[in-house]
Amino acid sequence: RMEAGRIHPRFNGVDLDGVLLETCEEIGLLAREKSVALQFGAFVPVVVYGDEGLLKRLFFNILANAVQYTAPGGEVTISLVEAPDPPATALVAISDNGPGIPAEFITRIFDRFYRVDASRSHATGGAGLGLAIVKKILELHGGEVRVESEPGQGTVFFVYFPEIHNN
């Protein structure tokens, strides 16, 4: 729907910290069922110019993947800070201690219908749309996402936003 222009974002000042907290509450049941802990690192109040519903979808998709691919007893950490480098001014980091993503696959994980483990079915691994949606939402917001991963060590998604207004 986004690519067809049927999504019409409503941009306003959005408390990014509030969006993250609400999304963590929503994903909390899945995390508890898997015995995965949701932890908060650095966390500052930040307001960005964006569509609140789309931002919730963005973070839900990243957090759902992090929880899904983290083994029971693992943890997912969420941080929100002012970005150290312009032009990005807000940075959300979501890290897990899951299996990690081999370097050769990182550039493709945002492609529609792409899954690192192609043997996973829709029931066990989704349709391969979640991260494609993340990328599209960030494009609408003028932001970007970067990924660092080490097989066997976990993955970190860095989400950058261009506009910030401190509370």
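User: What percentage of the 167 residues of the protein chain count as buried?

Analyst: Heads up that this is a predicted model, where local features need pLDDT of at least 70, side-chain atom pairs count only at pLDDT 80 or more, and totals for chains, interfaces and linings use all residues. Residues are numbered from 1 along each chain as its sequence is written, and side-chain values use heavy atoms, with hydrogens and water left out. Buried means under 20% relative accessible area, exposed over 50%, partly exposed in between (1.4 Å probe, protein chains only). On that cut-off, the buried part of the 167 residues is 40%.

User: What pattern does the protein chain follow along the sequence?

Analyst: Helices (H or I, at least four residues) and strands (E, at least two) are DSSP runs, numbered from the N terminus. The chain has 5 helices and 7 strands. Read in sequence order, they give β-α-β-β-α-β-β-α-α-α-β-β.

User: Among contacts between residues at least 6 apart in sequence, what percentage join residues at least 24 apart?

Analyst: Contact here means heavy atoms within 4.5 Å. With pairs at least 6 apart as the pool, the part joining residues at least 24 apart is 71%.

User: Which element supplies the largest share of the largest nonpolar core?

Analyst: A nonpolar core is a set of buried Ala, Val, Leu, Ile, Met, Phe, Trp, Tyr and Cys residues joined through side-chain atoms within 4.5 Å. The largest one has 38 residues, and Val-92 is among those with the most contacts inside it. Helix H1 (16–34), H2, S4, strand S5 (90–96), H5, S6 and S7 each supply at least two residues. The largest share, 9 residues, comes from H2.

User: Which residues does Val-92 touch, leaving out those up to four places away in sequence?

Analyst: Val-92 is one of the residues with the most contacts inside the largest core. Its partners are Leu-16, Leu-20, Phe-59, Ser-79, Leu-80, Phe-157, Phe-158, Val-159 and Phe-161.

User: Which elements do the buried residues of H5 pack against?

Analyst: H5 spans residues 130–140, and its buried residues are Leu-131, Ala-132, Val-134, Ile-137 and Leu-138. An α-helix has 3.6 residues a turn, so residues three or four places apart point the same way. The buried residues of H5 pack against helix H2 (52–69), strand S6 (144–150) and strand S7 (154–161).

User: Is Ser-79 buried or exposed?

Analyst: Ser-79 is found in strand S4 (residues 75–82). Leaving out residues up to four places away in sequence, Ser-79 touches Gly-41, Ala-42, Phe-43, Leu-91, Val-92 and Ala-93. Its relative accessible area is 18%, so Ser-79 is buried.

User: Which residues does Thr-77 touch, not counting residues up to four places away in sequence?

Analyst: Thr-77 also has its place in strand S4. At 18% relative accessibility, Thr-77 counts as buried. The residues touched are Gln-39, Phe-40, Gly-41, Ala-93, Ile-94 and Ser-95.

User: How many Å lie between the backbone nitrogen of Arg-10 and a polar atom of the side chain of Asp-51?

Analyst: Asp-51 lies in the loop between strand S3 (47–50) and H2, and is buried at a relative accessible area of 12%. Asp-51 and Arg-10 are 41 residues apart along the chain, yet their C-alpha atoms are separated by 5.2 Å. From the backbone nitrogen of Arg-10 to that side-chain atom of Asp-51, the distance is 2.7 Å.

How values were computed
Polar contact = N/O pair within 3.5 Å; in protein donor to acceptor, adjacent residues only side chain to side chain.
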